Amino acid sequence: MTDLCTERLTLRVPTLADWPAYRDFYASDATTHIGGPVPASKSWYYFSGDRGHWELFGFGWFTLVDANGVVGTCGLHHPPHHDDVEIGWNVYADGQGKGYATEAARSILDWAATALGQIRIVSYIDRENGASKRVAEKLGARFGGVMAAHDPECEVWLHGGAA
């Protein structure tokens, strides 16, 4: 996998050097809409799963890097308990309010259309997570009118004309 680059970001496959920032994010209150905060042992499970997804499926979550360093993650995954391929985003404190989630997700959706072909891509968004809903709207996604089968607190948002 080669890196993706936007005007302000490099999106690359996670490396072990990204672990401290990832761990610190998952220990913070910023993760309340995605099941956190969690201890380092659980965030390691998430981190290794994000990295391992690349090996198993050929796609996964990217680490987002700006001129100052690691600012978040964004990517695709399809664990067995999800009905669809999901695109998600997590922007760390240093990257908040800069539009990085939208910028990275748009780049990944463009890449996915070429690399993966026409597949259904959704975002599972906690019903209380207004910030993520705004990102989804900026990406052209729409609420599909249903809740996720794996998590009744998450709305299913459809990307790219998915039915």
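This report describes the pockets and nonpolar cores of a predicted model.

## The largest pocket

The largest pocket holds about 1,300 Å³ of space. Its lining is made up of 47 residues, and those nearest the centre are Tyr26, Ile34, Trp61, Trp89 and Asn90. By type, the lining has 19 nonpolar, 20 polar and eight charged residues.

Several helices and strands each supply at least two residues of this lining. The helices are H1 (19–26), H2 (40–57), H3 (100–115) and H4 (130–138). The strands are E4 (69–77), E5 (85–91), E6 (121–126) and E8 (151–158).

## The second largest pocket

The second largest pocket has about 300 Å³ of space. It is lined by 14 residues, with Leu109, Gln118, Ile121, His159 and Gly160 closest to its centre. Helix H3 gives the most to this lining, namely five residues. Seven of the lining residues are nonpolar, four are polar and three are charged.

## The nonpolar cores

The largest nonpolar core contains 30 residues. Within this core, Leu11, Leu76, Ile87, Trp89 and Ile108 touch the most other members. Two or more residues come from each of strand E3 (61–66), E4, E5, H3, E6 and H4. H3 provides the largest share, eight residues.

Leaving aside residues up to four places away in sequence, Ile108 touches Leu4, Leu11, Phe62, Cys74, Gly75, Leu76 and Ile87. Another core lies apart from the largest one and has seven residues, including Trp19, Tyr22, Phe25 and Tyr92.

## Shared parts

Trp89 appears twice in this account: among the residues nearest the centre of the largest pocket, and among those that touch the most other members of the largest nonpolar core.

Definitions and conventions:
Residues are numbered from 1 along each chain as its sequence is written. This is a predicted model: local features need pLDDT of at least 70, side-chain atom pairs count only at pLDDT 80 or more; totals for chains, interfaces and linings use all residues. Side-chain values use heavy atoms; hydrogens and water are left out. On a 1 Å grid over the protein atoms alone, a cavity is a set of points where a 1.4 Å probe fits but cannot get out, and a pocket is an open set with protein on both sides within 12 Å along at least five of seven lines; lining residues have an atom within 4 Å of a point. Grid points are joined across faces, edges and corners, and a volume is the space filled by probe spheres set on the points. Helices (H or I, at least four residues) and strands (E, at least two) are DSSP runs, numbered from the N terminus. Ala, Val, Leu, Ile, Met, Phe, Trp, Tyr, Cys and Pro count as nonpolar, Asp, Glu, Lys and Arg as charged, and the others, Gly among them, as polar. A nonpolar core is a set of buried Ala, Val, Leu, Ile, Met, Phe, Trp, Tyr and Cys residues joined through side-chain atoms within 4.5 Å. Buried means under 20% relative accessible area, exposed over 50%, partly exposed in between (1.4 Å probe, protein chains only). Contact means heavy atoms within 4.5 Å.
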